[in-house]
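Biologist: I would like to learn how to read a structure of several chains step by step. Could you take me through one, giving the general idea of each feature before the case at hand?

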Amino acid sequence: MRRGISALRWLVLLVAVVALNAPVIVTLVTSFKSDAEIAANPSLVIEAPTVSNYVRIFAMSDRFDILHFLTNSVVEAALGTVLAIALALPAAYGMIRFRVGLAWLFPPVVNLRAIPLIIFAIPIYLMYQAAGLLDTRFGLALILCLVNLPLVLVLLVNAVRDVPIELDEAARIDGAGPWTILLRVVLPLVRPMIASSTVLAFIYAWNEFLFGLMLTTRDAVPVTVGASFFFSASGGGVQWGVAAAVMMLSTLPPLLLGLFAYRHIGRSMTAGAIKG
Amino acid sequence: MARRKPAAAPTRLGGRRDGWLMIAPLTALLVVMLAVPLAVDLVYAVSRVTFETLRAPSVIGFGNFAVVLRDGQFWGAMLFSLRFAVLVTAAELLLALTLAIFLAPLLASIPWLMAPLLLPMMVAPALVGLMYRLVLHEFVGAVPYYFVLLTGDSPSFLGPDTAFWTLVTIETLQWTPFALLILYTAYQSIPTDVREAASLDGTGPLQMLRYVELPLMRPTILAVGFIRFIDSFRVFDNVYTLTGAGAGGDTTTISIYIYEAFFRRDDIGVAVAASMILLAIAFAMLTVVLRWSERRA
Amino acid sequence: MRRILQAACGAVAMLALGGASARADVTVLGWPGGPEEVALRATVEAYNKQPSVAADDKVKLIFFNRDNFWDKLQADLAAGTAEFDVNLTATYAVGRYAPFMDPIDLPAAAHTTFSDGVLKTMQFEGKQYGVPTDLSLHFLYYRTDLIAKLLADPTWKAKYTEIAQAKWGKALAPKDPDQWTWDDYAATALFFTRSLNSDSPTRYGTVLQMKNLLFNMMVWHSTARSFGGNWTDASGAVTVDGPGYRAGLELYKKLYDAGTSPKDSLSYEFAEANAAFGSGQVATMLQWNAAFGDLDNKEKNPTVAGKIGTVAPPAGPEGRFTHIHGLGLGLNASTKHKDGALKFLNWLATPDAMLLYAKAGGSPALQPAIVEKIASDRPDLVKLGDYAGKYGFVMNGATSAKALQIYQLQAKEFTGYWAGTETEDAALKNVAAGMAELLKK
């Protein structure tokens, strides 16, 4: 019975991975097809696999510098994520433990997610223009932090809420100040949620298109914007093979982050569950 | 045995001043980044402003709001977004909860298995929409090809009747991993002693699920549901790149409506006014949800 | 003392910021990712090599991405950016960007290079806003092998006439595509649709681009115009709710409803239509001229390469027409290098520069005397110039400031009619009302 269920779990996992990743799988397959084959063979079985699409991307580096775009994305998303966590964790703690801001700060921040941020695009453009932040990595990272604050705050507020206040109080009796309690007592316990928030925030930051489009021209262009060098989504042709290859390349950093974070989360989650 | 106090207990840890210091960095960033844009937008919302007059809007009062509220397209877009969000959120929560709970032992023993489950989120939605144009194409797409192999014919995926369902499916497939990740984390965070105590009392696994685990996960389920609802309500990238506004405007989400008002109709005041209305609705919804969850907790 | 200190601070600040903005060259923003980009790079390289070009006037190129290019350009121009001195513009956007660009006075040589009609594609309110570097128009694409068989095989000919009578109400006989009217086009589309004719070698007779997209409206306008449709009459009154537009709309709807175009046509545009035609399962297509290069390439579309014919779109009762519009380069009003930029633009409009551009892959519509110099390298350009001259048209008002919005309004309403979610009358009424609003001065 045990083994039967275990086998069933593997089966369900496999089906889930394939079903959820169907477009990614097709993209991957397409990236290894030549243009001729894309036009003639729609199946997932490649007749003549080729790396020509990938080669073409790197060969084009004087016109389309993918490494530059990827680096930009990594730096901007990482910086934005770190900032978001660094600001949201103390804020979550303050809101839950000190009841400060829960009524007037939390709702607006969360609602930020409901607004199509495009309406801030123009004022922020003008602001950045005046401050010299246009087309800078730091400038875009600030926006990416902003974009992720609602999500990270919600997740961390939830996580802090789950930590028994008795632990904080015990530490306070031992003479610890609030920042010490936060970093030494609470942080380790909410580590799984911090890790999850980091992965998610990085992904969202990585996927940001609109602000990347509006606020950069050349130096700080992220890969989501740069990738559309190979197509005009409306009114133009699409080089499917190369576009697919670019998409695959641009999923690598978040994927590697996810794999790395998961080794850690795995460990801290089981550790956290045993305590308690 | 330590029992956890309910979250709504008004226990404060210390002086309010420490609390203020904690929220200060976040508040400072918001003020610096958003105060000016918000002020500018408030002015835009009550002005006639175009790209030519960005720096010199002419205030006209609440006319923009009237235009928006009278616009059938606005309400059509709201309705579309609402239907879309409700269906997508329900599907994602159901799917994610089932997968999180069923796959938990497997994921716990081999943690990195989570990464391939998260992969769908890592492709930018705009690019996903683009890729689907190929994937669903009658002649060069994989999906119709396999449909024809298995059933002899392939349906129309992006026709007037089917586009909505295709979009719902695509969104669900891409973002179920989000819910899966958070719900799984929450599930794993349930302290073992709670589970142990319950099983010592003779609770079977299904009852454990229903009476112990799910209730403990409820705040997280609500949080995830809320986030996904908001996200799918304001979906833009994958819909825009896949079907655009849709034939006759029938896949226009509220974000697409605002984007088009902004860039296509060059009517920035109207676009901002529509966003303000959207914000007001979201605010009302959030207040209701927060109050409800605080009461039930 | 204070004044000196202030001046010194000012100077330091200027130097600090100035270093970034006082670039010693002219920056040109071009259209990325395609033959236009390659051609522009080659042309600029040649320009920079010229000894007559001062170091300060050398040209540098930047490219945004293609997606949302026009929206980003709009935002940047409106904010008064000086990141580029010369930027891309297009016939349908000249009016929109005119407030942020400066008109230019092209040298006399420009008239040797381009005909007046072509220069007009870059004009707004009588002023020239750009050098027309690439022209776009529509071809009727067809499979030469299939049409050849149709014209020769008696069984096919008989079936063709039979289907034409049954489904289109006229007993037509197959003709050479260059002689077609829209009825012939419809009959051929019906014939080559497998669901109507089990002997058809292709699944669909044609592929219509019916996505709610302004570029698809432009394709359809070639049809509407040949039935007499126009945006306004000479006095400026909106005339869309008339027989010309109706006939054009109904042609598309009848063909789609009969199943001659793929099921998902309502979400098809350039890329999807080309993929369908390139798969070999579609017999004819109304499409932009730019598609020919890739479709006829054996490496990219082995199934159909070498079997494609192109002619101007079929004729309607009011004549034979193709929509034309151009891409071009014009002057950013906020430029800090006006002289250098103008020098480049004036050079670009000369025959030698444009021949270079054409040789490197661009598609300018040149005067016959000029284009024959590269007729061996670029035979398609001869056709381009020829068709542009003979059949090209621009709808009345299509370069106005709100032209883009008019296209978008039409796209939304007319695709609604084609999808069956709106009646023809309602769609036309909405468009007429909207256009009256948008064309008001």
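**Reading the chains, their helices and their core**

Modeller: Read along the sequence, chain A follows the pattern α-α-α-α-α-α-α-α-α-α-α-α-α-α, which amounts to 14 helices and zero strands. Please keep in mind throughout that this is a predicted model.

Biologist: What share of the residues of chain A count as buried, and what box do the C-alpha atoms of chain A fill?

Modeller: Of the 276 residues in chain A, 58% count as buried, and the C-alpha atoms fill a box of roughly 70 × 65 × 30 Å along the principal axes. When contacts with a sequence separation of 6 or more are taken, 77% of them in chain A come from residues 24 or more positions apart.

Biologist: How do I decide whether a single residue is buried or exposed, for example Leu215(A) or Pro49(A)?

Modeller: One counts the other C-beta atoms within 10 Å, and a residue with 20 or more is buried, while one with 12 or fewer is exposed. Leu215(A), in helix H12 (residues 210-215) of chain A, has 26 such neighbours inside 10 Å and therefore counts as buried. Pro49(A), placed in the loop between helix H3 (35-40) and helix H4 (52-59) of chain A, has 11 other C-beta atoms within 10 Å, so Pro49(A) is exposed.

Biologist: Which residues does Leu215(A) touch, leaving out those up to four places away in sequence?

Modeller: Leu215(A) touches Tyr125(A), Tyr128(A), Leu134(A), Gly139(A), Leu140(A) and Ile143(A). Sequence distance and spatial distance should be read separately here: Leu215(A) and Gly139(A) are 76 residues apart along the chain, with their C-alpha atoms separated by 8.2 Å, whereas Pro49(A) and Leu13(A) are 36 residues apart in sequence and 28 Å apart in space, C-alpha to C-alpha.

Biologist: Which residues have the most contacts inside the largest nonpolar core?

Modeller: A nonpolar core is read as a set of buried nonpolar residues joined to one another through their C-beta atoms. The largest one here has 331 residues, and those with the most contacts inside it are Ala88(A), Ala92(A), Leu153(A), Leu156(A), Leu183(B) and Leu345(C). Helix H8 (residues 137-161) of chain A gives the most to this core, with 18 residues. Ala88(A), if residues up to four places away in sequence are not counted, touches Leu149(A), Val152(A), Leu153(A), Leu156(A) and also Leu26(B).

Biologist: How does one read the end-to-end span of a helix, and what does helix H1 of chain B span?

Modeller: The span is set against the length expected at 1.5 Å a residue. For helix H1 (residues 16-45) of chain B, a straight helix of 30 residues would span 44 Å, but the end C-alpha atoms of H1(B) are only 37 Å apart. A kink of about 45° lies in H1(B) at Ala24(B), shortly before the proline Pro25(B). The buried residues of H1(B) include Met22(B), Ile23(B), Leu26(B), Val40(B) and Tyr44(B).

Biologist: Where does the kink lie in helix H3 of chain B, and how far does that helix reach?

Modeller: In H3(B) a kink of about 60° lies at Leu103(B), shortly before the proline Pro105(B). Helix H3 (residues 72-109) of chain B, with 38 residues, nevertheless reaches 54 Å from its first C-alpha to its last, close to the 56 Å expected.

Biologist: What does the domain assignment give for chain B, and how many residues are in contact between the two domains?

Modeller: The assignment gives domain 1 (17-61) and domain 2 (71-296) of chain B. Eight residues of domain 1 are in contact with six residues of domain 2, and H1(B) gives the most to the domain 1 side, with three residues. The C-alpha centres of these two domains of chain B lie 30 Å apart.

Biologist: How is chain C divided by the domain assignment?

Modeller: A domain need not be one continuous stretch, as the assignment for chain C shows with domain 1 (22-137 + 324-393) and domain 2 (138-323 + 400-439). Their contact takes 15 residues from domain 1 and 17 residues from domain 2 of chain C, and H17(C) gives the most to the domain 1 side, with four residues.

Biologist: How many helices and strands does chain C have, and why is chain C called as compact as a globular protein of its length?

Modeller: Chain C has 19 helices and 14 strands. Its radius of gyration is 24 Å, close to the 22 Å that the globule rule gives for 441 residues, so chain C is as compact as a globular protein of that length.

Conventions: Residues are numbered from 1 along each chain as its sequence is written. Chains are lettered from A and ligands numbered from 1 in the order in which they are written. This is a predicted model: local features need pLDDT of at least 70, side-chain atom pairs count only at pLDDT 80 or more; totals for chains, interfaces and linings use all residues. Helices (H or I, at least four residues) and strands (E, at least two) are DSSP runs, numbered from the N terminus. The radius of gyration is taken over C-alpha atoms; the globule rule is 2.2 Å times the number of residues to the power 0.38. The expected span of a helix is 1.5 Å times one less than its number of residues. The bend at a residue is the angle between axes fitted to the seven residues ending there and the seven starting there. A nonpolar core is a set of buried Ala, Val, Leu, Ile, Met, Phe, Trp, Tyr and Cys residues joined through C-beta atoms within 7 Å. Two residues are in contact if their C-beta atoms, placed from the backbone, lie within 7 Å. Domain bounds come from an automatic or database domain assignment.
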